Amino acid sequence: MAWTPFTVAAPTGADLPDDAVLYGPEIPAEPTLRLLGDLTGKRVLDLGCGAGRNAIAMARAGARVIAVDEDADQIGAARRAIDAADMKVELHHAPLAELAFLRADTIDAAISVHSLVQVADVGRVFRQIHRVLRPEHSFVVSVPHPTFALLDPAGPDPLQVRRSAFDEQPYAHDDPRHGTHARSIGALFTELTRAGFRVDHVLEPAPTGSGRGPFWSPAMEKVPATLILRARKEGI
C-alpha cells in the first residue's frame with residue numbers, strides 16, 4: 001500500500017498513518033466513508049497488506065486481523081510496524097490468490113487496497129475471497145481509478161493521456177518485477193459478479209482538500225484517482 005502507480009518517487013507504506021483505514025491517496029478514510037462498520041471482535045482479512053498500516057488501524061479498532069502479502073520485504077516492514085505499534089496481527093507471506101490456510105466462511109470482512117493492480121488473474125482472487133467470507137459479509141476493494149491510470153500524473157503535463165483505455169496490456173510499474181493492470185469498472189464489476197458477489201457501493205471520491213501531501217498530483221483536481229467497490233458475498 002504505497003500508491004506507487006501515482007508518483008515517480010512515492011513514499012513507502014511505512015510513511016502512511018495507522019490510525020484509520022486508508023483507501024487511496026488524498027481521499028477520505030474509513031471514518032468518513034464507513035464501508036467496514038464496527039470491527040470490534042470481527043475477523044478481518046487484509047489482502048495485500050503492504051507495510052501493515054491498515055492492518056494496524058483495524059487491530060486498533062478491535063478486529064482480529066489476518067494480513068497477507070506476497071512480497072517478503074513488505075511482510076518484513078509490516079512485522080516491524082506491528083511490533084512497534086504493539087498490536088497483534090496474524091501475518092502470512094503468500095500469493096494473494098492462495099488462501100488455503102483459511103477455512104471457508106470464517107472471515108467477517110475483507111479489504112484489498114491498491115494491491116490487485118499487480119495481479120494478472122483477479123477473478124481467481126475474488127473466488128478465494130468469496131470462499132473464506134461469511135455469507136452476506138463485505139469485501140472492500142480499491143484500485144487506481146481506470147481513468148486516472150490513462151494519465152501521466154507525475155509528468156510535466158499531469159493531464160496528458162499516456163495510454164489507451166482499450167489497452168489491456170499491463171503497463172510499467174515503479175517495481176520492475178511487476179506490471180500494473182488497469183481494469184475498467186465494468187471488468188471489475190463483472191469479475192466480482194462471476195465470483196458470487198453483489199456490488200452495493202461504487203465510489204469515486206474527490207480529494208479531501210485538506211492539504212497536498214506527498215502523493216498529490218494536480219490531475220486529482222480533475223479526475224478521480226481512486227475507485228472503491230464494496231461487494232457482499234451472496235447468501236447460500
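**Exercise 1.** Determine how exposed Arg134 is in this predicted model, and identify the salt-bridge partner of Arg134.

*Solution.* Step 1: Arg134 has a relative accessible area of 32%. Buried means under 20% and exposed means over 50%, so Arg134 is classed as partly exposed. Step 2: the partner is Asp108, and the closest N and O atoms of this salt bridge are 2.8 Å apart. Step 3: the pair joins distant parts of the chain, since Asp108 lies in strand 4 (residues 107-113) and Arg134 in strand 5 (residues 133-144), 26 residues apart. Step 4: Asp108 has a relative accessibility of 14% and therefore counts as buried.

**Exercise 2.** Establish which strands are linked by the salt bridges of Glu136 and of Arg232, and classify the residues involved by accessibility.

*Solution.* Step 1: Glu136 pairs with Arg198, with 3.1 Å between the closest N and O atoms. Glu136 belongs to strand 5 and Arg198 to strand 8 (residues 197-203), at a separation of 62 residues along the chain. Step 2: Glu136, at 36% relative accessibility, counts as partly exposed, and Arg198, at 32%, is likewise partly exposed. Step 3: Arg232 forms a salt bridge with Asp200, the closest N and O atoms lying 2.9 Å apart. This pair connects strand 9 (residues 226-233), which holds Arg232, with strand 8, which holds Asp200, across 32 residues. Step 4: the relative accessibility is 24% for Arg232, which is partly exposed, and 31% for Asp200, which is also partly exposed. Step 5: salt bridges with shared partners unite Glu136, Arg198 and Glu234 in one network. A search of the whole structure gives 7 salt bridges.

**Exercise 3.** Describe the packing of helix 4 against helix 5 by orientation, handedness and contact residues.

*Solution.* Step 1: the axes of helix 4 (residues 122-132) and helix 5 (residues 185-194) come within 9 Å and cross at roughly 40°. Step 2: angles under 35 degrees count as roughly parallel, and 65 to 115 as roughly perpendicular; helix 4 is therefore oblique to helix 5. Step 3: the crossing of the two helices is right-handed. Step 4: on the side of helix 4, the contact involves Val122, Gly123 and Phe126, which meet Leu188, Glu191 and Leu192 of helix 5. Step 5: sorted by class, the contact of helix 4 with helix 5 comprises 4 nonpolar, 1 polar and 1 charged residues.

Notes
Residues numbered from 1 in each chain as written. Predicted model: local features only at pLDDT ≥ 70, side-chain atom pairs only at ≥ 80, totals over all residues. Heavy atoms only, no water. Axes fitted to C-alpha atoms, helices over the stretch in contact; angles between N-to-C directions. Helix = DSSP H or I, 4+ residues; strand = E, 2+ residues; numbered from the N terminus. Parallel < 35°, antiparallel > 145°, perpendicular 65-115°, else oblique. Left-handed = near helix turned anticlockwise from the far one by under 90°. Contact = heavy atoms within 4.5 Å. Nonpolar A, V, L, I, M, F, W, Y, C, P; charged D, E, K, R; others polar. Salt bridge = Lys/Arg side-chain N within 4 Å of Asp/Glu carboxyl O. Buried < 20%, exposed > 50% of the residue type's maximum accessible area, 1.4 Å probe, protein only.
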